[in-house]
Amino acid sequence: MSPSSLHSMPSIHNKPQIIDVRIADEAHGSHGYGIREQILDGLRKPPGSKSIPTMLLYDERGLRLYDAIATDCKEYYLFASEEEILKSNSDAIVQLMHARDGEASEVANPVILELGAGSLRKTTHILLALSRLASSSDQTTAKNDEKRITYYALDLEKRELERTLTGLMSTYGNDLEGKVEVKGMWGTYDGGLKLVYEGGLSSRAECEVAHDYLSHGADSSCDRQARKSHRDVSPRLAYSNSRSSHSRSTGATSLAPPSSPGTDDGSKLSSPPLHLLFLGSSLGNFDRESAVSFLRSLPLRPGSGDTLLLGLDHDNGKLKVEEAYNDAKGVSKNFAMNGLRVAGKTVGNEILFDSGKWEYVNRYNEAERCREAYYKSTCDQKLQVPESADIISFLAGELVKFSISQKYSDKDAYPLFTSAELRPIMRWTDAPGQYSLWLLERPTFTFPLLKSPKPFCVPTLEDFRTMWKAWDTITFGMIPRSMLFTKPTDLRHIYLFYLGHIPAFLDIHLTRLLGEAHSERESFKNYFEREIDAHIDNPSTCHPHSEVPDDAGEWPTLESIINFRERVRARLARLYGDIASGKRQLTRKVARVLLMTLEHEGFHVETLLYMLMQGAGAPGGTLPPPGFTAPPWDILAERWNSIPPPVEPTVTLGPADVILGHGDPEALDDNLEVRFQDDNVEFGWDNEHPARKVLVETFRIEWRPVTNGDFYEFFKGDGKEKVKLPASWIEINGETRVRTLYGPIPMKFAQHWPVLTSYDDISKYAGVKGGRLPTEAELLLFSDRFESGYEGDGNVGFRNWHPVPVTTGGEKDTGKGHNGGVWEWTSTVFDINDGFIPSKLYPGCSGECVDEKRRVIAGGSYATIPHLSGRRMLRNYYQHNYPYPWVAGRVAYDL
């Protein structure tokens, strides 16, 4: 039986259970007073700004008309595209959705909640896949009187819910029996989400009394706001309970990761795994700011494995989008005009709006990537408001907005997810590339988007706290205690050193800045001030560094280091509090120290990770990142293999002047007569200065860095005996695999990633190919024009814990994209520039590394924090034969 037959079958099951989650308040009263006032408020606005709420479209008749649009109108590609994805991928979707459901020590039956369920035709594919998953699951068997999985369909109209759920069970009840229990929720998004937030899904009994529980609740300002412009919109809910977004504790007791990363209240044991469905590109009905607020409001516990399956329509061009909402049969027009009838009925007169005096206007705003829908008054007219002396006037040609449909390109989608503290686990796209389903989770931490226009001046305390969450996730969740006293390589200190180095560096600079004593224990500065950075060719030669014990028993204990770290973090928080209260002035020096110490933590978290990757997957070695769903390599590889290469392999650039460096005289920090204004300052490291202009002659450069696949062919062919096996690879039983923080994976899964190898070996590859590596100025010229960055779809800031295939050089957006999430080698030798002045705050930062052995690298990897990767003039550097960092290279050619 096909899903399209769902509504024609007679009922053979009991009446479906529907939970009333309406919130009884003025805005949702039975007489419609609240929505009536919203209609009138919108119509009383001046010409050019009148509107009525979108939700008026979705009465019982409107829902059926929408169903007809989706199923009978070929122009409305959104429904068919989404259904195509679900038909082909439903089993993979539900397997990934439930991948972490069994992680808790006490397994609870998962809950699926669909927001705005509609006809259930597409959802059927998910439900049947869930039943297959339940049949094959090895999870703990549920009690005999309970189902393994409970599905809730939430929608506004009770009779439509009864009809669609009855049809569903009539057709598929036998398939779902004993595996998936199907129920309805009658109400708005706010009502359903409030039930979840307040623990209403934790037990069957609580669900049964949901209506009584909610009907006495406080008025929801979120819902009142929602009804002004959307079908059913819920900006961030302010409820605090078992599903709120608690951040992980940084206290000294967290010596091992909790069972539920990202929570501190044990909610994973009391709340079932939650998986939300929000299909049909319904998020497009929100303006972009409200879309972020709504997604942030969803009750997904950080690091828990809760997921959201979200449908988003792409930016498909003016003609296609406008046709989608104005079909040849006129069903879309009837759907729209029905909303005008409902508006009149709600106000008090169903024929208040004479349909002969109104037209449906549908247009696509290409610049904003937004389809807009209006009612157009065909003549001057006045309407008498029922039961009122009010007269509302309309001019001929005046527009009344009633709906929007935002479209999401990649440059819209990734910033949306980041702002909402979500990350993609997987993405599925229809064959023509018009529409995507995204499976998202709320990870343990998310770095926010950089604030414009000057994000590189004064970091906030929240910037540090996010950085600390990343450190705690790695140090508590990925390093077994047995590894703490081991060295990743002979060129580095033991892992325990890095746990002490980060707070010690911060404490040393706070002590110098504030003129105060060191945090207890002062002796830690001697152990942890500076890490070792030995020369590869002669490890006995290196710059000055901390003298550390040779014997493990002489090191400070882990507990003492954690306690020290907490005291230093508290010290920094007090500084921010003193600045906020006016007790301490925010000077240039204070601001510089704050940015320098944040960036220092960012540099070193990546250093720690590229060392940890060498032990990932080995017995007793590095553990996978907790609080993030492990990548489904086989499914991802299928998607990656489908990414088309650039039409042309290279792009020609230049001649052009490129500005390197920037003016940031540290000497001004001590001049109290220079007023600090954070809107005109961008701090940096001493080697980035001064600003200078460089002429870049015409050259060609590859759109994409050298991949693992490219380099493997070279390694086995022309480069045999010329280059070494990259440290990012490993040979296992004769098979070359690629290292990841999840353990080594087959080359076929990572063949399209940029290869991570030394400058020496990638230079040999470039030379054999007839080219060279680009200079710092050449690579910067390319990046300025084509890199999308963290504000776009750039793979930095822990969006993933691994590289991905490169996207620059694609057909859309003039070739703009990302480089896969890697640093890139340049041929520029790291040196000081004319006019260089060593930093007083950190005098050994750059000068000690000027030795002709290091090459400048640019960009940032998947584990580079946005404060670093987004700073254009940042210069990083590594020794030319250092094999471990996450640095790739692309080939440039002279012309």
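**Helices and their contacts: a first look**

Mentor: Let's begin with helix α13, which is mostly covered, as 12 of its 17 residues are buried. Keep in mind that we are looking at a predicted model.

Trainee: How many helices and strands does the chain have, so I can place α13?

Mentor: Happy to help with the overview. Of the chain's 895 residues, 60% count as buried. Its secondary structure comes to 25 helices and 25 strands.

Trainee: Which residues of α13 are the buried ones?

Mentor: Helix α13 covers residues 331–347, and a residue counts as buried when its relative accessible area is under 20%. The residues of α13 that meet this cut-off are Val331, Ser332, Phe335, Ala336, Met337, Asn338, Gly339, Leu340, Val342, Ala343, Gly344 and Val347.

Trainee: What distance does α13 reach from its first C-alpha to its last?

Mentor: Start from the expected span: with 17 residues at 1.5 Å a residue, it is 24 Å. The model comes close to that, with a reach of 25 Å.

Trainee: Which residue just after α13 takes a positive phi?

Mentor: Look just past the end of the helix, which spans residues 331–347. There you find a phi of about 135°, and the residue that takes it is Gly348.

Trainee: Are α11 and α14 parallel or oblique to each other?

Mentor: Helix α11 is residues 288–297 and helix α14 is residues 410–419; their axes come within 8 Å and cross at roughly 45°. That angle lies outside the ranges for roughly parallel, antiparallel and perpendicular, so α11 is, relative to α14, oblique.

Trainee: Is the crossing of α11 and α14 left-handed or right-handed, and which α14 residues meet α11?

Mentor: The crossing of these two helices is right-handed. From α11, the residues in contact are Arg288, Ala291, Val292, Leu295 and Arg296. By class, this contact has 4 nonpolar, 1 polar and 3 charged residues. On the α14 side, the partners are Asp412, Leu416 and Ser419.

Trainee: Is α21 parallel or perpendicular to α23?

Mentor: The axes of α21 (residues 708–716) and α23 (residues 759–768) come within 11 Å and cross at roughly 80°. Angles of 65 to 115 degrees fall in one class, so α21 is, relative to α23, roughly perpendicular.

Trainee: How many nonpolar residues does the contact of α21 with α23 have?

Mentor: Asp710, Phe711 and Phe714 in α21 meet Asp761, Ile762, Lys764, Tyr765 and Val768 in α23. By class, there are 3 charged residues and no polar ones, and the number of nonpolar residues is 5.

Conventions: Residues numbered from 1 in each chain as written. Predicted model: local features only at pLDDT ≥ 70, side-chain atom pairs only at ≥ 80, totals over all residues. Heavy atoms only, no water. Axes fitted to C-alpha atoms, helices over the stretch in contact; angles between N-to-C directions. Helix = DSSP H or I, 4+ residues; strand = E, 2+ residues; numbered from the N terminus. Parallel < 35°, antiparallel > 145°, perpendicular 65-115°, else oblique. Left-handed = near helix turned anticlockwise from the far one by under 90°. Contact = heavy atoms within 4.5 Å. Nonpolar A, V, L, I, M, F, W, Y, C, P; charged D, E, K, R; others polar. Expected span 1.5 Å × (residues − 1). Buried < 20%, exposed > 50% of the residue type's maximum accessible area, 1.4 Å probe, protein only.
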